[in-house]
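Q: I should like to learn how contacts between side chains are read from a model. Could the aromatic rings serve as the starting point?

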Amino acid sequence: MPKRHRIMVLLLLTWAPLVILAAAAGVAVGDAVGLPLLLDYTTNVRFLVAMPVLMGAEGIVWGRVGDLARYLIRSGVVAESSMPALEQLVVRFDARRTARIIPALVAVGVVFGVLFLRKEYAGDLSTWQFVPGSSGQVRSAAGWWNLLVSVPIFQFLILYWAVRYALWCWFLFRLSRLGFVLLPSHPDRSGGLRPIGQVHQYWSIVIFAISSLISANVGLAIVHGRALSDFRLELITFLGLSLIVLFAPFLAFSGKLYEARMSGLFAYGELAAAYTRRFDTKWTGSNLPGDDLLGTADIQSLADLANSYAVVHGLRLVPFEMLNVVVMVVAVVLPFAPLVFVVVSPIEVARQIIQILL
């Protein structure tokens, strides 16, 4: 089934029934309850933003992972002696990623959570999920559908991605244990491992979905009287943990990249010393350069050697570049940008920017 069709099916199972049931009960919009469905930012972002993003990430992430596997096999960055182990690792990773036991275990965890870990609403504000009844707040039909169908489907997606990210981290760790032929002078400044960072950055799509949901939840609380500063600790903790989770797997390669950098510095240092000594003997001192210097390749060779040494000296200890960092940080932080406009009018922000520029 095409990806867009699967997204539509999930929307018909999760969000659409909530709208129909809430509209039938008169709690989709209006003043019948304190929080109607269409003003519930958390619920709408969960199913209209986060869930489609998680579904859309499926082909993007795994497509790039497949490209990485082919690169590692063809590029020669993995030592010939470790090629059988690499091929076996790729096969094992793909088998575990597609194993049916994983969604089965995730489904069991979701069902357990619905039955034993669900939280009942304890607030005074009536919502589309809990409407006033003769004995207080009672769960509406839309609330029951949300509890038993919509939220479990979303929880399944979140947990499923969490398990697969754990498998990806396992893959990277096992990959880092293989033998590599890392070239200190490789132009990617990561010894040839930069594609790992390029592929890994796509996992930030999953974090973006989670950040969107948390941002919507905080925004809803602000609209109903909470201050943004009340969530300072929670937001800082989430942002910090998200970045740690995204960047920590790279540390598995730091040891070998450090060894490649040090060996490269010594090797190119010896080469540079030998070349510059001969260069100085030929062109400086008592042997002043004359017309013979014109057209010689010695100067260009010296510059090329300096550039090569600079590349070796700049070898990164983790296989990613600043662009990968920016992409992942933006994916984590961007969903929280609307919170600024919950506190400050966007018109006022625009006016202040114009005043600064003019």
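A: They can. The model is predicted, and it holds 16 aromatic pairs. One of these is formed by Trp 62 and Trp 203, whose rings are edge-to-face, with 5.5 Å centre to centre and 90° between the planes.

Q: Which parts of the chain does the pair of Trp 62 and Trp 203 tie together?

A: Trp 62 belongs to helix H3, whereas Trp 203 is in the loop between H7 and helix H8 (204-223), so the pair ties together parts that are 141 residues apart in sequence. Both Trp 62 and Trp 203 are buried.

Q: How is the aromatic pair of Trp 168 and Phe 171 arranged, stacked or edge-to-face?

A: The angle between the planes decides this: planes under 30 degrees apart count as stacked. Trp 168 and Phe 171 are stacked, with 25° between the planes and 5.7 Å centre to centre. Both residues lie in helix H6, 3 residues apart, and are thus separated by about one helical turn. Trp 168 counts as buried at 0% relative accessibility, and Phe 171 is buried with a relative accessible area of 3%.

Q: Which residues form one aromatic cluster?

A: The cluster consists of Trp 62, Phe 93, Trp 161, Tyr 165, Trp 168, Phe 171 and Trp 203. The two pairs just described therefore have their rings in one cluster.

Q: Where does Arg 164 lie with respect to the ring of Trp 161?

A: A charged group may be placed over a ring. Arg 164 lies over the face of Trp 161, at 4.3 Å from the ring centre. Another case is Arg 46, whose charged end sits over the ring of Phe 154, 5.8 Å from its centre.

Q: How many salt bridges does the structure hold, and which residue meets Arg 164 in one?

A: A salt bridge is read from the distance between a side-chain nitrogen and a carboxyl oxygen. The structure holds 6 salt bridges. In one of them, the side chain of Arg 164 meets that of Glu 58, at 3.0 Å from N to O. Glu 58 is in helix H3 (residues 41-75) and Arg 164 in helix H6 (residues 141-176), so this salt bridge ties together parts that are 106 residues apart in sequence.

Q: Are Glu 58 and Arg 164 to be read as buried or partly exposed?

A: Each partner is read separately. Glu 58 is partly exposed, at 24% relative accessibility, whereas Arg 164 is buried, with a relative accessible area of 3%.

Q: Where do the partners Glu 321 and Arg 194 lie in the chain?

A: The salt bridge is identified beforehand: the closest N and O atoms of Glu 321 and Arg 194 are 2.3 Å apart. This pair links distant parts of the chain, 127 residues apart, with Glu 321 in the loop between helix H11 (298-313) and helix H12 (322-333) and Arg 194 in the loop between H6 and helix H7 (195-200). Glu 321 counts as buried at 15% relative accessibility, and Arg 194 as partly exposed at 23%.

Q: Which residues do salt bridges that share partners join into one network?

A: The network joins Arg 64, Asp 67 and Arg 70. Within it, the side chains of Asp 67 and Arg 64 meet at 3.1 Å, N to O. Asp 67 and Arg 64 both lie in helix H3, 3 residues apart, about one turn of the helix. Asp 67 is partly exposed, with a relative accessible area of 33%, and Arg 64 is also partly exposed, at 30% relative accessibility.

Conventions: Residues numbered from 1 in each chain as written. Predicted model: local features only at pLDDT ≥ 70, side-chain atom pairs only at ≥ 80, totals over all residues. Heavy atoms only, no water. Salt bridge = Lys/Arg side-chain N within 4 Å of Asp/Glu carboxyl O. Helix = DSSP H or I, 4+ residues; strand = E, 2+ residues; numbered from the N terminus. Buried < 20%, exposed > 50% of the residue type's maximum accessible area, 1.4 Å probe, protein only. Phe/Tyr/Trp six-rings, centres within 6.5 Å; stacked < 30°, edge-to-face > 60°. Lys NZ or Arg CZ within 6 Å of the ring centre and 35° of its normal.
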